[in-house]
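Biologist: Could you take me through this chain step by step? I would like each term explained as it comes up.

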Amino acid sequence: MNLIKYVEDQLLNTSNIPDFSAGDTIILSYKIIEGTKERVQDFRGDVINIRGEGKNKSFTIRKISNGVGVERIIPFSSLNIVEIKVVKKGSVRRAKLFYLRKLSGKKARIKEATSNR
């Protein structure tokens, strides 16, 4: 099993991925290919879910755009990830934040984690 994990670590594109968890606000720079053109688009939102392990590990990022909730599920091993920046560390008590889908406005805020502990 250690050999499989070693080979997966060598093949996966995880060198530019910082450590983040559910509740964090991140900016995902994602490469979009349209025909022969390529461009990089930023997607800023809250991480509401991290699931899987190894090459199957993925995360869900959610933002509100023009009053509509938009979610994207991104595999950690995606070659289209250009960069991920952690904007704010969140303080949450759950690993899956699906309850945020029902909330809006100030109720949907995530507290910022304090680093005094």
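Modeller: The notes below go from the whole chain to its core and then to single residues.

Modeller: This is a predicted model, in which local features need pLDDT of at least 70, side-chain atom pairs count only at pLDDT 80 or more, and totals for chains, interfaces and linings use all residues. Residues are numbered from 1 along each chain as its sequence is written, and side-chain values use heavy atoms, with hydrogens and water left out.

Biologist: What is the average pLDDT of the chain?

Modeller: The average is 88, and 91% of the residues score at least 70. pLDDT is the predictor's confidence in each residue, from 0 to 100.

Biologist: Which elements does the chain have, and in what order do they run?

Modeller: There are 1 helix and 5 strands, arranged α-β-β-β-β-β from the N terminus on. Helices (H or I, at least four residues) and strands (E, at least two) are DSSP runs, numbered from the N terminus.

Biologist: Which element has the lowest mean pLDDT?

Modeller: H1 has the lowest, at 74, while strand E2 (residues 37-51) has the highest, at 95. Where pLDDT is low, the predicted coordinates should not be read in detail.

Biologist: On to the inside. Which residues touch the most other members of the largest nonpolar core?

Modeller: They are Phe20, Ile26, Leu28, Phe59, Ile81 and Ile84, in a core of 14 residues. Strands E1 (25-34), E2, E3 and E5 (81-88) each supply at least two residues of this core, and E1 gives the most, with 4. A nonpolar core is a set of buried Ala, Val, Leu, Ile, Met, Phe, Trp, Tyr and Cys residues joined through side-chain atoms within 4.5 Å.

Biologist: And what does Leu28 contact?

Modeller: Beyond its neighbours within four places in sequence, Leu28 is in contact (heavy atoms within 4.5 Å) with Gln41, Asp42, Phe43, Phe59, Ile74, Ile81, Glu83 and Ile84. Another core, of 5 residues, lies apart from the largest one and includes Ala22, Leu97, Leu100 and Ile110.

Biologist: A different residue now: is Thr60 buried or exposed?

Modeller: Thr60 lies in strand E3 (residues 58-65) and counts as buried because its relative accessible area is 3%. Buried means under 20% relative accessible area, exposed over 50%, and partly exposed in between (1.4 Å probe, protein chains only). Leaving aside neighbours within four places in sequence, the contacts of Thr60 include Asp46, Ile48, Arg51, Glu71 and Ile73.

Biologist: How much of the whole chain is buried?

Modeller: Buried residues make up 27% of the 117 residues.
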